[in-house]
Amino acid sequence: MTAQSTYENTRIIDIAPLHSSDDTKRAQVDQAIAQAMEQHGSFVATGFPGAAGFGMQMQRLLSFFTMDEDEKRVCAIKEYVSDHANLYRGFYPLPDKPHWSHNEIFDIGPEPPMTSPDVPGAESFREANVWPNREPVADWRREMHDVFVWQRDLSVVLMASIARGLGLEEEAVAGPARGRNGTYRILHYAPAPEGFELGGYPGREPETIEDGRKLLARTHVDTGILSLLWQDASGGLQMQGPDEVWREVEPLQDGLSVHGADLIKGLTEGILQGTTHRAVGDMGDRCSAGFFLEPDFETPVIAPTGGAPVSYARHLVNEFPDRFEAKNAA
Ligand SMILES: [Fe+2]
């Protein structure tokens, strides 16, 4: 049984005024969002277009994981099914070797696929989505893509709000976020079998936090600009603010947790930075989903470590040289 959390919760902000014509209320929300991002690196948004019934819709989207393994494996990336061409988009089955979390994942990107400058590994940036042969529920594929599109739009609206709230020039912050790129990902954490090494490091025991829950997903900062996360009622998502205090994200079924990814630092002149986060739980079933806002691959970005702007495609290769140089050589 899960121990009762003693962590303070992140704030909940009704962002409906961002989509209204009431400038006073919109300015209040801008201030609340900017303050939450500066102090906690995160907040939970409610009241966005699509919020009503979103928790119910998530249950339909997550029904992908109820399909037979063979049906899901039609979409598996090349790492799991060697004669498949997809390196990145598609299905990541439950790991059968040590890994940093025991989950299965399905992810999609924009349709049509993106273009990219010709850097090592660029073929994976241009990948089309890979869909199962059968829909787990009617209209599942259309709904998955619709959620990708409206969460992308929402994340750009949030970047503009963050800019106004921080007193920065709106287009300097939100402009590089406009475009089409991003990832929508659904995740299912399943109980790990006996002997499974969580953490991905041989011999390392799953980390236990102070209230007794186990680390389900490693402590990390996302790659990209901004992330929107949904989690089922089991919760367990935690955010670490710039004050290094961990806070619990309340699992509101019609809400989305918002936090900064690594490129937000360059876009906000260093005021914000990518938010460290993790998922904890009792090792039972847990589902979550994320939209990850990314610039288009041609868009110039400034790395969190500073330096001259480079294309987002080049930035990814610089950040993950092993992954992209190795794939290019294969
Ligand atoms: Fe993350």
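**Note on the predicted model: a sheet, a core and the overall fold**

1. Gln240 stands opposite Thr276, a residue of strand E11. The setting of this pair is a predicted model, in which strand E8 (residues 237–240) and strand E11 (residues 276–281) run antiparallel and are joined by four bridges.

2. Strands E8 and E11 belong to an open sheet of four strands, whose order is E6-E11-E8-E9 and whose pairing is antiparallel. Its edges are formed by strand E6 (214–220) and strand E9 (246–248), each of which pairs on one side only. From one strand to the next, the twist averages 25 degrees.

3. Turning to the interior, the largest nonpolar core holds 74 residues, and those with the most contacts inside it include Ile33, Met159, Ile225 and Leu256. Helix H5 (residues 140–166) supplies the largest share of this core, namely eight residues.

4. Leu256 deserves a separate look: once its neighbours within four places in sequence are left aside, Leu256 is in contact with Val44, Ala45 and Phe48, and also with Leu228, Leu229 and Trp230. Ala45 is likewise listed among the residues with the most contacts inside the core.

5. For the protein chain as a whole, the secondary structure comes to nine helices and 14 strands. The radius of gyration is 19 Å, close to the 20 Å that the globule rule gives for 330 residues, so the chain is as compact as a globular protein of that length. The C-alpha trace spans about 55 × 50 × 40 Å along its principal axes.

6. Buried residues make up 40% of the 330 residues in the protein chain. Of the contacts with a separation of 6 or more, 72% are between residues 24 or more positions apart.

Conventions:
Residues numbered from 1 in each chain as written. Predicted model: local features only at pLDDT ≥ 70, side-chain atom pairs only at ≥ 80, totals over all residues. Pairing = 2+ DSSP bridges. Helix = DSSP H or I, 4+ residues; strand = E, 2+ residues; numbered from the N terminus. Axes fitted to C-alpha atoms, helices over the stretch in contact; angles between N-to-C directions. Core = buried A, V, L, I, M, F, W, Y, C linked by C-beta atoms within 7 Å. Buried ≥ 20, exposed ≤ 12 C-beta atoms within 10 Å, placed from the backbone. Contact = placed C-beta atoms within 7 Å. Rg over C-alpha atoms; globule rule 2.2 N^0.38 Å.
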